[in-house]
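Here is a short, friendly tour for someone meeting this protein for the first time. Have a look at the model, then read on.

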Amino acid sequence: MSHGSYSSYSQSVMTEDEEDWEDYCKGGYHPVQIGDTFSDERYVVVRKLGWGHFSTVWLARDTKCAHSIRSSHRDLIFARMNRHVALKIVKSAPRYTETALD
């Protein structure tokens, strides 16, 4: 995710509905892009759901979610479900990690 510096114009139109790009730094938010994968490529980021002081939250598709069903012939069939999850990406500074674990 590219986080170039803001021009004075873009700073003036930034709203409280967005996190501060300056917080994408060591100890801060982790940059995430649509299509990024997590947990050995199991989760694929679809879109951003929101953010807070400690983290950002992303909608992700679970690529390995499958369940078994029995057909009328008693064969075991594995069906891939279109399952989505929310991924909470906590800021990396130790004080945020400790808070997230509580």
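Let's start with the aromatic residues: Trp 21, Tyr 24 and Tyr 29 form one aromatic cluster. Keep in mind that what you are looking at is a predicted model. The count of aromatic pairs comes to 2. Trp 21 and Tyr 24 make a tilted pair, because their ring centres are 5.3 Å apart and their planes meet at 35°, and tilted covers angles that are neither under 30 degrees nor over 60. Tyr 24 also pairs with Tyr 29, and that pair is tilted too, with 5.3 Å from centre to centre and 40° between the planes. Here are the two pairs in a table.

| Aromatic pair | Centre to centre | Angle between planes |
|---|---|---|
| Trp 21 and Tyr 24 | 5.3 Å | 35° |
| Tyr 24 and Tyr 29 | 5.3 Å | 40° |

How buried or exposed is each member of the cluster? Trp 21 has 27% relative accessibility, so this residue counts as partly exposed. Tyr 24 is buried, because its relative accessible area is 12% and buried means under 20%. Tyr 29 is buried as well, with just 4% relative accessibility. Tyr 29 has a charged companion, too: Lys 91 lies over the face of its ring, 4.6 Å from the ring centre.

Now step back to the whole protein. There are 2 helices and 6 strands, and from the N terminus on they run α-β-β-β-β-β-β-α. Of the 102 residues, 21% are buried. The accessible surface comes to about 7,500 Å², and 51% of that belongs to carbon and sulfur atoms. If you take contacts between residues at least 6 apart in sequence, 42% of them join residues at least 24 apart.

Next, the sheet. Four of the strands make an open sheet in the order β1-β2-β3-β6, with antiparallel pairing. At the edges are β1 (37–38) and β6, each of which pairs on one side only. Strands in a sheet pair through backbone hydrogen bonds, and they can be parallel or antiparallel. Strand β3 (residues 55–62) is joined to β6 by 7 bridges, and the two run antiparallel. Following these strands residue by residue, Trp 58 has Leu 87 in β6 as its bridge partner, while Val 57 stands opposite Lys 88 in β6.

Strand β6 (residues 84–90) has two distinct faces. Val 85, Leu 87 and Ile 89 are on the covered face, whereas His 84, Ala 86, Lys 88 and Val 90 are on the uncovered one.

That brings us to the core. Which residues make up the largest nonpolar core? There are 8 of them: Val 32, Tyr 43, Val 45, Trp 58, Ala 60, Val 85, Leu 87 and Ile 89. The elements giving two or more residues to this core are β2 (43–51), β3 and β6, and the largest share, 3 residues, comes from β6. Val 85, Leu 87 and Ile 89, listed in the core, are also the residues of the covered face of β6.

Ala 60 is a good core residue to zoom in on. Setting aside its neighbours within four places in sequence, Ala 60 is in contact with Tyr 43, Val 44, Val 45, Val 46, Arg 83, His 84, Val 85 and Leu 87.

How values were computed. Residues are numbered from 1 along each chain as its sequence is written. This is a predicted model: local features need pLDDT of at least 70, side-chain atom pairs count only at pLDDT 80 or more; totals for chains, interfaces and linings use all residues. Side-chain values use heavy atoms; hydrogens and water are left out. Rings of Phe, Tyr and Trp (its six-membered ring) pair if their centres lie within 6.5 Å; planes under 30 degrees apart count as stacked, over 60 as edge-to-face and the rest as tilted. Buried means under 20% relative accessible area, exposed over 50%, partly exposed in between (1.4 Å probe, protein chains only). A charge sits over a ring if NZ of Lys or CZ of Arg is within 6 Å of the ring centre and within 35 degrees of the ring normal. Contact means heavy atoms within 4.5 Å. Accessible areas come from the Shrake-Rupley method with a 1.4 Å probe; for residues, only the protein chains shown count as cover. Two strands pair if DSSP finds at least two bridges between them. A nonpolar core is a set of buried Ala, Val, Leu, Ile, Met, Phe, Trp, Tyr and Cys residues joined through side-chain atoms within 4.5 Å.
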